[in-house]
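Hi,

Here is the structure I promised to pass on. My notes follow right below it.

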Amino acid sequence: PQVTRLADYRPPAWTVPAIALDFDLDDKATRVTSRLTVERGEGGPLVLDGEGLRLISLSVDGKPLGDGDYSYADDKLTITLNGDSHIVESVVEISPIANTQLMGLYASEGMLCTQCEAEGFRRITFFPDRPDVLSRFTVKMTADKARYPVLLSNGNRVAAGEGKDGRHWAEWEDPFPKPCYLFALVAGDLSALKDEFVTASGRKVELGIWVREADVPRCRHAMDALKSSMRWDEQVYGREYDLDLFNIVAVSDFNFGAMENKGLNIFNSKYILADADTATDLDFDNVAAVVAHEYFHNWTGNRITCRDWFQLSLKEGLTVYRDQEFSADHGSRAVKRIEDVRMLRAVQFQEDSGPLAHPVRPESYMEISNFYTATIYNKGAEVIRMLATLLGADRYRAGCDLYFDRHDGQAVTIEDWVKAHEDANGLDLTQFRRWYAQAGTPRVAVSSRYDAASKSLEIDLAQSTPPTPGQDSKAPFHIPLDVALFGRDSGARLGDPRLIELKDSSATIRLDDVAEPPVLSINRGFSAPIAIDAPQTREELAHLSAHDDDPFARYEALQRLALLTLTDAIRRGDEVADPALVDAVAATLDSGLDPAFIGEAVLLPSEAFIGDQMPTVDPDAIHGVREATRRTLGSQLNDRWWSAYRANRDNRYELNPEAKGRRRLKNVALGYLVADADPKAVSTTFEQFGDADNMTDRLAALGLLTSLEVGEREAALAAFHARYKNDPLVLDKWFATQALSTHPDALDQVIALSRHADFSRTNPNRFRALIGSFGANQPRFHAADGGGYAFLANEVLAVDGLNSQSAARMVQPLTRWRRFGADRAALMRAELERILATPGLSKDVYEVVSKGLA
Ligand code: B3K
Ligand code: ZN
């Protein structure tokens, strides 16, 4: 496959100021007539992208083109044009029902919908499919009225009417020029939850969330989140919504979370539908976060878009940062930060240390779909967070204001974003830019010396970043480190926290007026996305876990203490939990802090994260020691877990931060109580499973039972399936729970589930629930005989011809073979080689697997 490089960027040869589309919709054969107004840009022939289109006719300025007037090969239509402005009209035919890739126009449960980002528009009609070509769209669609009573597109509906033979039509116009990746169309039998929003300047916006009629009652939470997002963007960024209409449509077959098409967001139904019986607290939070994220794209992505796909983080990193802050403002900021950092470490740190590592602004790709990664999204958000930290709130806002003023209506680069912050504030961010250009997770080594005579502390800092593919050596980063000191004896904070800016490869910082021997707390709030190497003792970590007044730092101290205990035990081949850990967990349970925070803090680090800290990942040893430690904590603190469980059991379900926190702590406590399969705890779990009046409690109980070898396991799984077999989103949870189970027979059960009547390879949610979850099940996926690897590879090959994006996502766990012992590494490599040798592989999978083997 061909490689696209940032260095090769050239402005468009022709621009397309206007496009008029006419769809004659039918699920088997849809006819698309497109009329492009093209204007000479840099010059050269007009080259339009087109993939899988059946060309019916082509004309320029009303004159039909014959075979010799154009060429159509390798997904490119080339026409030589002599003037400076022309009208190019094409008629093509496409088949939505045959489209299993779910890119372009496709059918999902009887409705028709589109997905164009990144390069799906070329599967609908011929067009320069690149984000720096901005056009005014008008869209007419005609369809059977009984099957498709609702017809939607971007912007405003300007006309509608009846046609012949039971057909009807609608015409939509989007006043804002946009790149074609933001085009959308929906036709279906849909009902809406409607509401309205009045903007700060007093304009009325009509809001609609379109779903199947039976699902309308499950849209309230999404609607409320939409309205709060609209308000928040006005208050925090000064950004108002700009159309009179904002529609969201939920579909069941969707490749990822949602899509920010102008005025017509299309969502995976998983991120819209929520009620107490079917959605967990986490689902509710995710719905609000994704609704906010897509809404925020209206300014960061749509009004100002990307010049080319290498700038993807310009819109994604910034919009993730914005949705994280929105969620933090609407719930517990501390718990939100803990969750975001846990996700960053679990996914992005792994990516950054493996063969697919790439900078936040990559330099080349084979398939852009492979670059919607945790690095672009989540590390990109961390980079913006650091910028906001370094600038402070007012200067950050001034930089954003200048960016919006300067670039509204344009397709721009990450460089333009950084420049706006420099210009607004008179700063030089030259070194800071390296965060966009260099891949890899920096490590900062920290040591300190206290001098009692001069009451001063010297902190030595040294940064280094490991090599990543194509980048052997790295220049130092500009790293903001939030630092505070706590008295070793008093426990009190000594002075104000301060922000240290580490710019050189090493530095020594001297702090004066340190009244007593201190314990150092560093990278508080996770002020930089780095790994800290600090030779802190267990006593110091226990001390911080009891005294630090930054909740993230407090959480972090307990996690590091747990990590030390676990990695020590693994190294010694021993299973004894350190009494210091037991005491620190007990102290946290007794701390009287927010139950939501306690619930997060007392969880042990995940098996994947423990593996990340070891030179060679030993999945069996990690699982053994972590489980043994869970049992020790469970039995030694048995009374405390029971009281946490009982104290937080509510009689009646409510959805608010406090109730959610109580459910969290209660279910974490239950997890410790059943760690040794104590019959009393197992029956409590089974009762909770049966009696729960909400999905959070029911699913938590099911998850615990599914990993145990007890009779209640089968009973619970069967009851859950019977109750929810007609609810696809809940059935996904039933698949995922079993795929994540650490039951010794999990692999065989997952293989059996891949033959279950309810399993599907064409529905991305279902496929991901089973196969994606299993790939994340460290102890069972990495079964020593390689059975997990062979199963995953078979599934990747089975799905690749249907949906190459699903396939490329699922194959990634195999690319981490270098991190495992020789036997496992050889088995994993062998599966990658088998995949690579398979004829007809998609370029999506080819790119991931070939890089994974390199
Ligand atoms: N921008 C879309 C993601 C599109 C993914 C294409 N492979 C959703 C989002 O990030 O908001
Ligand atoms: Zn996004």
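The protein chain splits into domain 1 (4-189), domain 2 (305-437), domain 3 (446-535) and domain 4 (725-854), with bounds from an automatic or database domain assignment. The centres of domain 1 and domain 3, taken over C-alpha atoms, sit 55 Å apart.

Before you dig in: this is a predicted model, where local features need pLDDT of at least 70, side-chain atom pairs count only at pLDDT 80 or more, and totals for chains, interfaces and linings use all residues. Residues are numbered from 1 along each chain as its sequence is written, while chains are lettered from A and ligands numbered from 1 in the order in which they are written.

Now ligand 1. Its shell (C-beta atom, placed from the backbone, within 6 Å) includes Glu117, Phe256, His293, Glu294, His297 and Glu316. By class there are five nonpolar, three polar and four charged residues. β20 (258-259) and α2 (281-296) each supply at least two of the shell residues; helices here are DSSP runs of H or I with at least four residues, strands E runs with at least two, numbered from the N terminus.

Then there's α14 (residues 619-636). Its buried residues (20 or more other C-beta atoms within 10 Å of their own, C-beta atoms being placed from the backbone) are Pro619, Ile622, Val625, Arg626, Thr629, Thr632 and Leu633. They cover an arc of only 165 degrees around the axis (directions from the helix axis to the C-beta atoms), so they're on the same side of α14.

Cheers

How values were computed
A residue is buried if 20 or more other C-beta atoms lie within 10 Å of its own, exposed if 12 or fewer, and partly exposed in between; C-beta atoms are placed from the backbone. Ala, Val, Leu, Ile, Met, Phe, Trp, Tyr, Cys and Pro count as nonpolar, Asp, Glu, Lys and Arg as charged, and the others, Gly among them, as polar.
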